[in-house]
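Me: I am new to this structure and would like to be walked through it step by step, with the reasoning shown for each point.

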Amino acid sequence: MINIYTLSSTFCIICMTVAIILFVASSLLYYFLMPQQEFRNMGRKCLEGSNLIVLLAIVTILYEVMTDRADGILYIEALNIWRYGIILVIIISTLYMIHDFHAGGQYLLIASFFLLPELDTWLPWSLLLALSCIALRLILVFPAAYRQYRSQLTARSIQSAVDFLEEGVLFSLEKGEPVLVNYVMYDVMEKLLGTVIRNANIFWHLLSNWNNTEHVTMERQGQDLLFRKKNGMAWLLQRHHIQFRNQSGWQITALDVTNLDRVNRELDQKNQLLEQRNEKMKYLLNHLVDIQTQRTTEEMRYKIHDLMGQRITILQQLLNNKNTTDYAAILPLVENVLADMRRETADNPAERLDVLIRTYCSLGIDITLTGALPADTEDAADLVSIIRESLTNALLHGKASRISIELPLTGKRILTIRDNGIGCRGPIQPGNGLQGIERRVRKMGAALHLKGKPHFVLSVEGEDDYDSRTRH
């Protein structure tokens with residue numbers, strides 16, 4: 001009579017490998033069935049447990065056969081008790097669930113008959129048929145159980161779905177006992193508190209009484225709490241009272257608002273800047289008339305200063321020049337200068353400069369001019385006004401008799417005026433004349449430089465180099 005000890009080692013290893021694979025698949029089936037309603041039946045649990053026991057017993061028996069053969073021990077009927085016990089367990093479980101064809105108990109019942117010692121004459125085919133019946137049952141039952149596991153709403157499926165949320169979620173009873181917590185909320189607890197707090201009431205109490213640190217600060221936004229970390233990360237935590245299953249509890253959520261918080265702070269900064277500009281604009285609009293009046297008055301004051309200084313300078317030169325006798329020839333030139341003061345915005349700046357130099361030369365002042373005015377009419381007019389005021393200051397305050405005016409064709413230097421006067425012994429104190437010059441230089445976008453010793457030197461420098469093509 002053939003017995004199980006007659007099986008070769010190679011066949012035993014193959015059968016053990018197949019049994020182990022079926023055991024793993026059966027364990028997964030057991031996992032997918034656990035959360036389902038039908039698995040609450042004790043008979044179904046016994047059936048699936050019997051399936052696992054059978055496969056584990058087959059592996060154990062085959063392993064014992066191999067080790068006994070290696071030791072030279074051959075007991076023909078030594079394993080019959082094991083096999084009858086396994087078959088008895090299968091028969092009881094399958095008969096209990098034989099009415100449920102979806103459970104596949106009939107396949108386990110067939111497999112049990114192939115394991116009977118009386119069928120050893122069919123070895124090795126009887127053992128292969130037994131494993132085939134178990135495998136066929138898994139092929140039929142496993143897909144349906146998996147689909148039902150995925151579609152059925154269970155506590156496990158709810159937990160799995162909540163764990164995939166990007167927001168932290170914590171549901172608890174009224175006293176704080178947790179009902180559902182996802183991984184994100186655990187991560188938030190670790191980042192904020194350095195530990196996991198499972199009681200929702202204690203967790204919220206610790207957050208509400210947060211003391212700002214160097215790394216984490218808390219800001220209240222109504223009933224919500226906004227936490228900011230030093231690295232820029234921001235979390236908004238909210239708590240709401242909820243009702244479920246005729247019980248009351250709490251829902252705490254943690255939202256990652258890092259990007260939103262950054263945008264809000266940028267908007268706040270821009271709004272503050274805009275508000276400041278609006279206030280400045282309101283002030284300017286409210287004081288527009290006063291500002292315009294002030295500018296007009298200031299402009300008239302500078303012009304009057306230029307006009308009076310020009311008159312005094314010319315009269316002083318006429319009175320001090322003993323060689324001047326032909327007043328009839330000089331007076332038209334003086335009138336031209338005064339007329340030039342009144343119509344300076346309409347005349348050609350080059351012509352005004354020419355008249356200005358000829359007038360002073362006729363009074364005995366040695367004036368040399370090199371270069372030319374720029375092509376821009378407005379800049380040229382401002383330079384003529386600066387030259388006119390500088391000539392007045394050189395004669396009235398510097399007692400100069402020789403003045404040089406340089407208008408370079410290239411370089412950053414725009415204008416240089418030198419005289420041979422007494423200069424300025426102490427610090428230069430800008431009066432109305434120099435203030436007017438400074439105002440015109442700023443208007444041109446240039447810089448004014450003054451030197452008082454040993455003789456007075458005035459220079460105007462721009463930001464960019466002048467090109468000769470921009471000159472007259």
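Reply: A residue is called exposed when its relative accessible area is over 50%, and buried when that area is under 20%. Please keep in mind throughout that this is a predicted model.

Me: Is glutamine 223 buried or exposed?
Reply: Glutamine 223 sits in the loop between strand 3 (216-221) and strand 4 (224-229). The cut-off for the upper class is over 50% relative accessible area. Because its relative accessibility is 69%, glutamine 223 counts as exposed.

Me: How far apart in space are glutamine 223 and glutamine 238, C-alpha to C-alpha?
Reply: Along the sequence, glutamine 223 and glutamine 238 are 15 residues apart. In space, the distance from C-alpha to C-alpha is 7.4 Å.

Me: Where do the buried residues of helix 3 lie, seen down its axis?
Reply: The buried residues of helix 3 are Asn80, Arg83, Ile86, Ile87, Ile90, Ser93 and Thr94. Seen down the axis of helix 3, these buried residues fall within an arc of 165°, so they line one face of the helix. As a general background, residues three or four places apart point the same way because an α-helix has 3.6 residues a turn. The face turned away from the buried side of helix 3 carries exposed residues, namely Ile81, Leu88, Ile92 and Tyr96.

Me: What span should helix 3 have at 1.5 Å a residue?
Reply: Helix 3 covers residues 80-96, which is 17 residues. Its end C-alpha atoms are 24 Å apart, and this agrees with the expected span, which is 24 Å.

Me: Which residue in the hairpin of strand 1 and strand 2 takes a positive phi?
Reply: Strand 1 (residues 168-173) and strand 2 (residues 178-181) run antiparallel and are joined by three bridges, with phenylalanine 171 standing opposite leucine 180 in strand 2. Four residues lie between the strands of this hairpin. The residue with a positive phi, near 105°, is glycine 176.

Me: Which helix supplies the largest share of the largest nonpolar core?
Reply: The largest nonpolar core has 38 residues, of which Ile58, Leu62 and Leu127 touch the most other members. Helix 1 (9-33), helix 2 (42-71), helix 3, helix 4 (105-114) and helix 5 (125-151) each supply at least two residues of this core. The largest share of this core, nine residues, comes from helix 2.

Me: How many residues are in the chain, and what percentage of them are buried?
Reply: The chain has 14 helices and eleven strands. Of its 472 residues, the buried ones make up 40%.

How values were computed: Residues numbered from 1 in each chain as written. Predicted model: local features only at pLDDT ≥ 70, side-chain atom pairs only at ≥ 80, totals over all residues. Heavy atoms only, no water. Buried < 20%, exposed > 50% of the residue type's maximum accessible area, 1.4 Å probe, protein only. Expected span 1.5 Å × (residues − 1). Arc of directions from axis to C-beta. Pairing = 2+ DSSP bridges. Core = buried A, V, L, I, M, F, W, Y, C linked by side-chain atoms within 4.5 Å.
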